[in-house]
Amino acid sequence: MAPLNVAQKLIRSHLVAGQPVPGQEVGLRVDQTLTQDATGTMVMLELEALALDRVRTEVSVQYVDHNLLQADERNMADHLFLRSACRRFGLWYSKPGNGVSHPTHMQRFGVPGKSLIGSDSHTCAAGSLGMLAIGVGGLDVATAMAGEPLYLVMPEIWGVHLTGELPAWVSAKDVILEMLRRHGVDGGVHRIIEYHGPGLAGLTAMDRHVIANMGAELGATTTVFPADDRVREFLAAEDRAADFTRLTADDGAGYDLTDEIDLSSLVPLIARPGSPGDVVPVAQVAGTPVHQVVVGSSANPGLRDFAMVAAVLAARQAHPQVSLDINPSSRQILADLTGMGATLSLIQSGARLHQTGCLGCIGMGQAPAAGHNSLRTMPRNFPGRSGTADDRVWLCSPETAAAAALTGEITDPRRLGIACPPLSLPNRSAVNRAMLEPPPPADEAVQVRLDKAPSIGTLPDLDPMPDELEATVAIAVGDDLSTDEILQAGAEALPYRSDIAKLAEFTFARVDDEYVTRVRGQGAHAIVAGRNYGQGSSREHAVLAPRSLGLRLVLARSYARIHWQNLINFGVLPLEYDGPTPEVGDRLIVRNVAQALHAGTGITVRNATRDTTQQAQHRLSERQINILLAGGRIPALTHPSPVPTPR
C-alpha cells in the first residue's frame, strides 16, 4: 500500500460507504458528537422527530456556551429543555459556565484517531489532537446520533509544511492569519488541511487548536494535525494519558496540493473589519485608534493566550479609552489562570472579567460602539456579528490585543519597547469534571419527559419538492455572504432559536429589511447569490427560517460546504450557474424536477419574466436527490417512499 498521510488514515479508518476519491461522496462512521445551545435546541427537536430512543455514538455532549445572557425567560427555558433532552436521549450535559465547547471537549473527551462532528463550524478545532473533526448542520449531527453515517464529498488533502520557530511576539493566531492572507475565505473549500513538518515541534496542542479552529474561516472541511509527543503531553496534563494513541503520516506520504510556511518569517498580522480574509501586517495599520479589546473565544482559548495578555499588562493600566473585556474559555482554564496569579493581574490592569462562554464572539454581550474599532482574539468579524450594525471588528493575536489595550491604538507588539514576557505555565491542569453531567442509565432515561416551555417551538412542515417548481426571486446578494447576514446571531435574535416562526422575522434583516414582508404568504421563492454563499456558522436556522417563509430554490455561483448541505437537508434546491444574473421579481421555473435531477448534473432554468432560459448545474448524489425530493432528510428517514426516476 502507498504511504498514507494522517487525513487519509482517518478517512479510511471511518469509511463505511463510497471511495475516498476527491469529488466523490463518502459515508463516514461517527464516534463522537458535540452540540451547543445556539444549535442544540433544534437538534433535540430533530431527535424527537426521528423518534430516537438513545444515542448510538460512543460519546455525545451538549454544551451550553453561547446564549448565556438571561435577559428574559427564553435562554434559561432552552437550557432546561436541553438538559431534559440530554437525560432522555443519553448525552452528556455541560452546564452553563463550564466552558466553550471546543476547548472543553478537547480537554475532557478528545481522543486521537476518533471522528467527531458538531453542529458548530469550529468543531474542526479538535483536529489539533489528531481527530477527524468536522463542523456540520444540526440535522447531520442528529442523524449521526441516530446511527447514520456522515455523508460528505471527499475533499482534496492540502499539505502545509511548517519549518522554523515562531519569533517573539508572534503566536499561533498569526499562522492561521497568514493562511487567510494568502488564500482568502474560500481557499480551503472542499479541502482538508494537514499541517506537517519540523515546525510542529514548537506548537503545543492548544497552539494547534488555534490554527485548526480557524480553518473554518478558510472554508476547509477540516484541519488535521498528527497525534505526536505534543498531543501526548497535553493529554497527560489533562489526566488522560491513557487516551493517547500516536497517529502520524507515513514516510513518503503525499498530498493533493502543497504549501509551506517558515514560522520564523512571520510577523504580527491582523484581519481588517468585514472579513477574516482581509489580512495585513499589524505595522501597516499601526496608529489606528482602538476603543475595545476582547480576549477569548474558541479561536484563542488556551491558558497561554490569557496568560500572555496578563503578563503584558502586569503592573500596567489599560489605556483610559479602551474597554478591556476578558471572556475565559473554560472554568478549568480560569482556575489555572487564577492559580498562577494572572487573573489578579488582569483585574488590576482594568480588565472586566466576564463569565465563561462565547459571548462577544456570537454577539451575546460586549457589543462595540458604532463606528469604533474593536480588536478581538476571535475567529470572525462578519458585518454586524458583534451585535452592532455599524461595527468595526478586527481579528488579532493575544499579543497584538494586549499591545492595543495598553496604547489605545493598533500597535505592533514588537514596538512596545518591552521584552516579550516569558510564561511559566503549570504542567498539570486544574481538571474540572464537576460541571459535566453524565447521561443516566437507559432504563431511567426512558422515563424522562422533555421540559418544553411555551417558547420551545416545533420544526416547520417539510413538504416534498414539487415536480414543477416555480419560484420568484426575492433577493439577490453578492459574494461571500455569511450565515450571520442571512440570519443574524446576537442577543436580539438567538433567544428565539427554538421558535423558527418567530426567528424567521430576522431573516436577511441586515441585508434587506423588506425581505420578510415581501415573501410572507407568497408561496415558493428563490434567492440569487454570488460566490461562497453561506460561509461561516453552521447554524441550520439560516436555512430553516427562509424555508419556513417559502424558500425552495437558490441559484449561486458557488456555496460554502455546510450551508450547501443544510439546504439539501431541508428540501431547498441548490443550483450553481455561470450565466446572466436573474433580477429580483423574476419568476424562475424548473420543470420535471425529479427527472431533470436524476438525468444528470445540468438543469434548465426558465426565466418566465424575461422569456429566456439558462443552464445551471447541481452536485447532488443520488442519495441527496432523494432527500431533496422528499422535502428534506427528516421526511426521507421517517416517511420513506419510492422516488420516481427517469426510465
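Between which strand and which helix does the loop that holds Asn592 lie? The legend to Figure 6 returns to this residue, which sits between strand E25 (587–590) and helix H19 (593–599). All views show a predicted model.

**Figure 1. Overall view of the predicted protein.** The protein comprises 21 helices and 27 strands. Its C-alpha atoms fill a box of roughly 75 × 55 × 50 Å along the principal axes. The radius of gyration is 24 Å, which agrees with the value near 26 Å for a compact globule of 647 residues. Buried residues account for 62% of the 647 residues. The accessible surface comes to about 22000 Å², and 49% of this area belongs to carbon and sulfur atoms. Of the contacts between residues at least 6 apart in sequence, 77% join residues at least 24 apart.

**Figure 2. The open sheet of six strands.** The strand order is E7-E6-E3-E4-E5-E20, and the pairing is mixed. Strand E7 (132–135) and strand E20 (436–437) form the edges, each pairing on one side only. Helix H4 (residues 101–108) packs on this sheet and touches strand E3 (32–36), E4, strand E6 (115–118) and E20. The direction of H4 makes about 150° with that of E3. Within the sheet, strand E4 (residues 59–63) and strand E5 (residues 92–94) are joined by three bridges in the parallel sense. One bridge partnership links Tyr63 with Ser94 in E5.

**Figure 3. The open sheet of four strands with parallel pairing.** Here the order is E11-E10-E9-E12. The edges are strand E11 (222–224) and strand E12 (257–262), each of which pairs on one side only. From one strand to the next, the twist averages 20°. Strand E9 (residues 156–163) runs parallel to E12, with six bridges joining the two. Gly159 has Thr258 in E12 as its bridge partner. Helix H1 (residues 6–14) packs on the sheet through contacts with E9, strand E10 (191–196) and E11, and its direction makes about 130° with that of E10. Helix H6 (residues 172–183) also packs on the sheet, touching E9, E10 and E12; the direction of H6 makes about 130° with that of E12.

**Figure 4. Antiparallel pairing of strand E2 with E1 and E8.** Strand E1 (residues 15–17) pairs with strand E2 (residues 25–28) over two bridges. In this pair, Leu15 stands opposite Leu28 in E2. E2 also pairs with strand E8 (residues 150–153), over four bridges. Val26 has Leu152 in E8 as its bridge partner.

**Figure 5. Two covered helices, H5 and H17.** Eight of the eight residues of helix H5 (residues 138–145) are buried. They are Gly138, Leu139, Asp140, Val141, Ala142, Thr143, Ala144 and Met145. Just after H5, Gly147 takes a positive phi of about 100°. Helix H17 (residues 541–548) is largely enclosed by the rest of the structure, because seven of its eight residues are buried. The buried residues of H17 are His541, Ala542, Val543, Leu544, Ala545, Pro546 and Arg547. H17 is followed by Gly550, whose phi is also positive, near 115°.

**Figure 6. Nonpolar cores, and positive phi at Phe508 and Asn592.** The largest nonpolar core has 124 residues, of which Phe508, Tyr515, Tyr533 and Val554 touch the most other members. Beyond four places in sequence, the contacts of Tyr533 include Val477, Leu481, Ile486, Phe508, Ile527 and Val554. Tyr533 also touches Ala556, Ser558, Tyr559, Ala560 and His563. Apart from the largest core lies another, of 36 residues, among them Ile270, Val309, Trp394 and Ala404.

Most residues other than glycine have a negative phi. Phe508, which is not a glycine, has a positive phi of about 55°. Phe508 lies in the loop between helix H15 (500–503) and helix H16 (515–519). Its relative accessibility is 0%, so Phe508 counts as buried. Asn592, also not a glycine, has a positive phi of about 50°. The loop that holds Asn592 lies between strand E25 (587–590) and helix H19 (593–599). With a relative accessible area of 37%, Asn592 is partly exposed.

Terms used:
Residues numbered from 1 in each chain as written. Predicted model: local features only at pLDDT ≥ 70, side-chain atom pairs only at ≥ 80, totals over all residues. Heavy atoms only, no water. Core = buried A, V, L, I, M, F, W, Y, C linked by side-chain atoms within 4.5 Å. Buried < 20%, exposed > 50% of the residue type's maximum accessible area, 1.4 Å probe, protein only. Contact = heavy atoms within 4.5 Å. Pairing = 2+ DSSP bridges. Axes fitted to C-alpha atoms, helices over the stretch in contact; angles between N-to-C directions. Rg over C-alpha atoms; globule rule 2.2 N^0.38 Å. Areas by Shrake-Rupley, 256 points an atom, 1.4 Å probe, with all protein chains shown as cover.
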